[in-house]
Every structure is written in C-alpha cells, then in structure tokens.
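Here is a short guided look at the model, for reading with the structure open beside you. We begin with a pair of strands and work outwards from there.

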There are 2 protein chains.
Amino acid sequence: MFQILVVEDDASLRRLMSAALKQNGYQPFTASDGVEALDMLEKTNIDLIISDIMMPNMDGYELTRQLRSADFQMPIIMVTAKESFEDKKEGFNAGTDDYMVKPIDINEMILRVGALLKRSKLASEHTMTVGNCVLDYDAQTVSFNGEPGETIPQMEFKLLFKLLSYPNKIFTRRQLLDELWGMDKDVDERTVDVHIKRLRERCGCADSFSIVTVRGLGYKAVKQ
Amino acid sequence: MFQILVVEDDASLRRLMSAALKQNGYQPFTASDGVEALDMLEKTNIDLIISDIMMPNMDGYELTRQLRSADFQMPIIMVTAKESFEDKKEGFNAGTDDYMVKPIDINEMILRVGALLKRSKLASEHTMTVGNCVLDYDAQTVSFNGEPGETIPQMEFKLLFKLLSYPNKIFTRRQLLDELWGMDKDVDERTVDVHIKRLRERCGCADSFSIVTVRGLGYKAVKQ
DNA sequence: TTCAGATGTAAATGTTTTGTGAACAAAGCA
DNA sequence: TGCTTTGTTCACAAAACATTTACATCTGAA
C-alpha cells in the first residue's frame, strides 16, 4: 500500500484530502507545515507528498529543496492558490513534479496521485526495457541485445530516458531544456538538436523505437 | 474550445445555463429532451453533457444508459430536483459522473464543469475519435482502424482537428485562415484549398466522415 | 447550353526548420 | 598540468513544409 504525506495547514482541507486518499486505497499521513513534514519523513516510508505552498514555518518550496538535497526522490505535488507562472517556475526549480490549483478537485487529485505513482514506480525499477534496448538509470548505461551496457553522457541519457518515458508525446525543445537542463539555464535550443543527433547515432541499432522529428514542434520517441 | 450540451426542458433555465457557459468560454449546445439530445450528439463533438433527469420522451437516466452503451464516454452531470439517495444510486449505476440539485447555483455549475473537463482531458490524453479515425492532439497523429498513428504536418492537423470539432459546420476560407493561421497573416485563400486536397487524400480511408465543399461558402466535415 | 466564377490539382517557388560537421569551452581525471 | 570526455555554439547544407501560380475542371444561373 502506498503511503502519502499531506502537508497542509488548513485542518479541514487536510482531513478531506486524507479521507479521499484513504477511500482510494492509499495510506495517508499528515503534517501541518514543512518542519512537521520533515519530521514525519524521518519516521515513515513516504511514497508521495502533496504539499501546500503557503505554510507557517517552512513553505512548500523550501520543503522541496530540503528534500531533494537530502536525496529524497519521491514525487511531490504542489498545491497553490494562484495559478501564476512565477509560482510554477519556482516550483519546478525546486524539484516539484506536479501542480494543483486551489480549490482542489478531489477526483483530480486522486488521478494525479495515481499517475505519478505509476510513473515513479516505473522509474524506481531503475531499468527500462524497450525492445532490444535496456536503460539502467542508476548506472546511466544503455545496452542493446543483452550486451554489456555502455555508459553514455549524462545529457544524452536524460534525454533518451525522458523521451522513452512518454512514448509518442511531443516535447518542444523549450520543454526539454526546462525539464532536463533546468529553467534557469540559458541554453540555445539548437543544443537539443545536437544531442538528438548523437542519440540517433547511438541508438541506430534499436529495433523497437526511434526518435522522430515533428517539424515546427519538437521531438518524440515512437515505439515500433 | 469545449463543447457542452445542455439537456433541459425548461426553456428559461436552459437559456440561463447556456448563457453562463458561453460567458465562461464554453460553446453551449441545447436540447429539450433526450431524443433531441441524441440527435445533437450525432451532429457535433460534445465534450460534456449537463442533463436534467425529468424530461418528456426520454429521461436523463435513459439518455445516460443509451449514451454509455453507444460508447460515448464524455462526462455527464445530472440535474435533479430531489436530493434522494435512490436518485443518486440510479444515476451512478447508469454511468453519471456528477450531480447537481435544483435550484442550480450557476457558479457551482461552472466549477463542476471545469473540474470534470480537466479530469476527462487528463484521462483521455487529448484524443478525438470519429469512427475508425483517432486524432491524438499531443502526438499530432492520425490513425485509422487502430493502426499506429501517423504524424502529419501541423497545418493539416490543425485543419482536420478544427473541422472535425464542429461536424457539419461550414467554415469559410477566411474563417479558417483567421482561426488557424492567425489574423495577422496575409495568406491567399486558395492556400486552404491545397491543404484540403491533401487532407482528403490522407483521409481517404476514413469510414465515418468526409470533407465536403460548400460551393460559394467554404468547407465542412460531414459525419456519415 | 453557355459562360463566368468557383474549385481541384500538379508543379514551381519560397520560407522556415532541422541535420550535421567542426570548433570551441568546460568539466573531470590521472 | 595536460589529456580526455562531455557539452555548447555556430555556420552552412539539406529537408520539410507552406504558399503561390497556372491551368484544368466543375457548377449553377441565365
């Protein structure tokens, strides 16, 4: 059973979220601010966190940053009152995985939780197999036809992993730069092209996927 | 733009709901009973239905059942006069997604519509199905008969998506240029013809729609 | 039926986007 | 430090696509 931590200072909303999670087969834990949350994380094995941004003592961003720097890798859903770009930007910099805007739709929350857990479970298996190709996230290696894995450059690996995690989904260059390089970096969009080119060469022997250009939009991985 | 069908026999309430939806950026369609509603569903691509329960000819439950068995998957909000458990039970059995009790709070209605659309959009991953043809908005692909989708050029995709979103609606070339190319662009109207031609070739194997010329006016997609 | 205007279509043209090699910069390492 | 690997930028070639053009064909009103 997945364990989910709800960090929210409004007690009635916290109860509502907690009840909905329980009803959907998750085990909820709660905290009313970031300090309590960190404390709770010490004592439990949390799989996913839903956290408000505005909280006393320690806000959601700070919580996220502390978690990530303490090497906690679970998905984090941030809850925000305002749907502003600045918020999202700061959130993603801090290492957030998803966003919800208040007032929260409980059904939507359950859906997002399910989606993130599914994805993170996949990611936490640490390997991804696509046809004759195996990616190992920990070793940052790619291997074909069962041969010993080859360590490949970080950027190429991240890019490949991202694309293969969402087959068929088109990523714009900007999206890839934001998500893989980071919002703050000021890198030319053409850089993506170069990494894509190198990836294509490297994955020439892949039998079950290819990286496809969608002119005017970006790139996507297509499974064959 | 999301298209919402209001099924309600009280004309003044229907108008009120319709106006509120329009004001909030949705495109409302109306029907006064279940039979009319089914008719309307043939001619449009409705994203969500708000339906009264008590109506002449065919009540809301029956409508829901017929829709679900005809494989329509859009969310349905039921409007009921009495807040009885039996009602809700029957409604959820029939396949309803949400409930509202009369007298309707228009703001609440808009909120519920927004929430449901967000959810169904998440779940359906942005696809539109018309007969044997599936358009995937994220992947910009078109597929027929369940075969793997083919990525098609942006303009063709936008054009096809637009036409199929409003089956039977006639678009003038000027309208299409303004809405798909953008007001500012100064493009010859004949350009539309060329894209239409290419689309027709591409969609030759579509079994349930075709793109029809309306001489002197423009083009429309017709469901068969 | 005729004819003018509307539409279909192939091909030419123009524009934008992408691929790619090479050079350079930065980081990691012995 | 000097060497190797990785990441980025740039410039130009190549490709993809959009648009225009020119002409054939169709349509409906007179």
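This is a predicted model, and a good place to start is strand β7 (residues 133-136) of chain A, which is joined to strand β8 (residues 141-144) of chain A by four bridges, the two running antiparallel. To find the register, look for A:L135, whose bridge partner in β8(A) is A:V142. In general, the strands of a sheet pair through backbone hydrogen bonds, in either the parallel or the antiparallel sense.

These two strands belong to an open sheet of four strands in chain A, ordered β6-β7-β8-β9 with antiparallel pairing. The edges are held by β6 (127-130) and β9 (150-151) of chain A; each has a single partner strand, so one side of each is left without a neighbour in the sheet.

Now turn to chain B. There, strand β7 (residues 133-136) and strand β8 (residues 141-144) pair in the antiparallel sense over four bridges, and B:L135 has B:V142 as its bridge partner in β8(B). Further along, β8(B) pairs with strand β9 (residues 150-151) of chain B, also antiparallel, over two bridges. In that pairing B:T141 stands opposite B:T151 of β9(B). Both pairs form hairpins, set out here.

| Hairpin | Residues between the strands | Turn residue with positive phi |
|---|---|---|
| β7(B) and β8(B) | four residues | B:Q140, about 50° |
| β8(B) and β9(B) | five residues | B:N145, about 55° |

Back in chain A, let us look at the helices. The chain has eight helices and 12 strands. The axes of α6(A) and helix α7 (residues 173-181) of chain A come within 11 Å and cross at roughly 115°, and the crossing is right-handed. Which residues of α6(A) and α7(A) meet? From α6(A) come A:K158, A:L159 and A:K162, and from α7(A) come A:L176, A:E179 and A:L180. By class, the residues of this contact are three nonpolar, no polar and three charged.

Next, try finding A:M74, which sits in the loop between α3 (60-69) and β4 (76-80) of chain A. Is A:M74 buried or exposed? A:M74 has 20 other C-beta atoms within 10 Å, and 20 or more is the cut-off for a buried residue, so A:M74 is buried. A:L116 lies 42 residues away along the chain, yet the C-alpha atoms of A:M74 and A:L116 are separated by 9.4 Å. For chain A as a whole, 25% of its 224 residues count as buried. Among its contacts between residues at least 6 apart in sequence, 54% join residues at least 24 apart.

Finally, the DNA. Around strand C there are 16 residues, and A:D193, A:T213, B:D193, B:K197 and B:T213 come nearest. At least two residues of this surface are supplied by α8 (190-202) of chain A, and likewise by α8 (190-202) of chain B. The surface near DNA strand C divides into four nonpolar, four polar and eight charged residues.

DNA strand D is surrounded by 22 residues, the closest being A:P153, A:D188, B:P153, B:M155 and B:D188. Here α6 (154-165) and α8 of chain A, along with α6 (154-165) and α8 of chain B, each supply at least two residues. By class, the surface near DNA strand D has 10 nonpolar, four polar and eight charged residues. The α6 of chain A on this surface is the helix that crosses α7(A).

How values were computed:
Residues are numbered from 1 along each chain as its sequence is written. Chains are lettered from A and ligands numbered from 1 in the order in which they are written. This is a predicted model: local features need pLDDT of at least 70, side-chain atom pairs count only at pLDDT 80 or more; totals for chains, interfaces and linings use all residues. A residue is near a molecule or strand if its C-beta atom, placed from the backbone, lies within 6 Å of it. Ala, Val, Leu, Ile, Met, Phe, Trp, Tyr, Cys and Pro count as nonpolar, Asp, Glu, Lys and Arg as charged, and the others, Gly among them, as polar. Two strands pair if DSSP finds at least two bridges between them. A residue is buried if 20 or more other C-beta atoms lie within 10 Å of its own, exposed if 12 or fewer, and partly exposed in between; C-beta atoms are placed from the backbone. Two residues are in contact if their C-beta atoms, placed from the backbone, lie within 7 Å. Axes are lines fitted to C-alpha atoms, for helices over the stretch in contact, and angles run from 0 to 180 degrees between N-to-C directions. A crossing is left-handed if the near helix is turned anticlockwise from the far one by less than a right angle, and right-handed if clockwise.
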